Amino acid sequence: MRRLKKLKKIHIHREGTHTLAAGLLALLAIDAALYFGFDNKIPFYVAAAISLFTYGIMVNFFRCPIRLFGADTEKVVVAPADGKVVVVEEVEENEYFHDRRLMVSIFMSLTNVHANWYPVDGTIKQVSHQNGKYLKAWLPKASTDNERSTIVIETPEGTEVMARQIAGAMARRIVTYAEAGEDCYIDEHMGFIKFGSRVDVFLPLDTKILVKLGQKTVGNQTVIARLS
């Protein structure tokens with residue numbers, strides 16, 4: 001029962017506190033100027049309605065549910081993000097592995113939680129950031145052409161798993177908390193991507209994939225694969 005209560009608890013992600021505070025001040029200033037600057041209050045009422053709607057979207061975007069996986073994590077790969085599976089295929093990975101890998105990609109829409117979780121337990125071997133384009137995140141070329149951060153994790157069994165945070169057409173900031181040499185665990189935040197993007201997970205070819213194209217995922221809850 002205690003775990004269920006924790007899963008229901010939601011707070012605002014730390015990446016959103018300054019943005020939400022600045023946004024609230026700006027909207028209040030605009031609404032105040034319209035209210036006190038015009039005798040006709042219709043512009044104020046219209047602006048107030050738009051402000052409430054806009055701010056509601058911002059709060060929804062930066063919400064951050066507290067989640068616990070609550071099961072055995074050995075050889076388990078969990079979804080690193082809320083969203084929809086847009087790619088499940090074998091690809092050539094040429095930035096780190098330089099061989100064939102299974103790739104599972106999860107696209108996050110504007111309405112999804114944008115916190116990212118570690119997909120596996122292990123030790124962080126490498127963290128890198130590449131500048132790039134801002135193509136629409138669901139396009140195949142976004143994985144290699146867009147701005148991205150790459151995190152390589154070695155599991156306790158010695159398997160290397162790569163997670164790649166990818167910027168989208170609207171996303172202009174990728175935040176990555178991972179640091180090389182640190183231990184990481186499912187249930188911990190790997191990072192945060194602002195305003196629409198995706199996360200790719202690269203797995204060995206003998207991995208058993210447990211999700212299908214178009215399937216909805218819940219970060220740190222949906223098991224997307226099981227390592228051999």
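**Notebook: A163 and its surroundings**

I looked up the neighbours of A163 first, and found that, leaving aside residues up to four places away in sequence, A163 touches P119, S149, T150, I151, M190 and D200. I note at once that this is a predicted model, and I keep that in mind for each entry below.

Next I asked where A163 sits, and I found it in strand β9, which covers residues 160–167. Is A163 buried or exposed? Its relative accessible area is 0%, and because buried means under 20%, A163 counts as buried. I also checked the distance to V201, which is 38 residues away along the chain, and the C-alpha atoms of A163 and V201 turn out to be separated by 4.5 Å.

I then turned to the strands around β9. Strand β8, residues 148–154, is joined to β9 by seven bridges, and the two run antiparallel; within this pair, I found V152 standing opposite M162 of β9. Following the pairing outward, I listed an open sheet of eight strands with antiparallel pairing, in the order β11-β7-β8-β9-β13-β5-β4-β15. The edge strands of this sheet are β11 (183–184) and β15 (216–217), each of which pairs on one side only.

Since β13 follows β9 in that order, I looked there too, and picked out R198, which belongs to strand β13, residues 197–203. The relative accessibility of R198 is 0%, so R198 counts as buried. Which side chains does the side chain of R198 meet in polar contacts? One is the side chain of S105, at 3.3 Å, and another is the side chain of D200, at 2.9 Å. I had already met D200 in the list of residues that A163 touches.

Stepping back to the whole protein chain, I recorded four helices and 16 strands. Of its 228 residues, 46% count as buried, and the chain exposes about 11700 Å², of which carbon and sulfur atoms supply 59%. Among contacts between residues at least 6 apart in sequence, 72% join residues at least 24 apart.

Last, I checked the confidence of the prediction, where the mean pLDDT of the protein chain is 82 and 77% of the residues reach 70 or more. Over residues 1–10, however, the pLDDT is below 50, although this stretch has 15 contacts in the model beyond near neighbours in sequence. Where pLDDT is low, the predicted coordinates should not be read in detail.

Notes. Residues are numbered from 1 along each chain as its sequence is written. This is a predicted model: local features need pLDDT of at least 70, side-chain atom pairs count only at pLDDT 80 or more; totals for chains, interfaces and linings use all residues. Side-chain values use heavy atoms; hydrogens and water are left out. Buried means under 20% relative accessible area, exposed over 50%, partly exposed in between (1.4 Å probe, protein chains only). Contact means heavy atoms within 4.5 Å. Accessible areas come from the Shrake-Rupley method with a 1.4 Å probe; for residues, only the protein chains shown count as cover. pLDDT is the predictor's confidence in each residue, from 0 to 100. A polar contact is a pair of N or O atoms within 3.5 Å; within protein, one must be able to donate a hydrogen and the other to accept it, and residues adjacent in sequence count only if both atoms are side-chain atoms. Two strands pair if DSSP finds at least two bridges between them.
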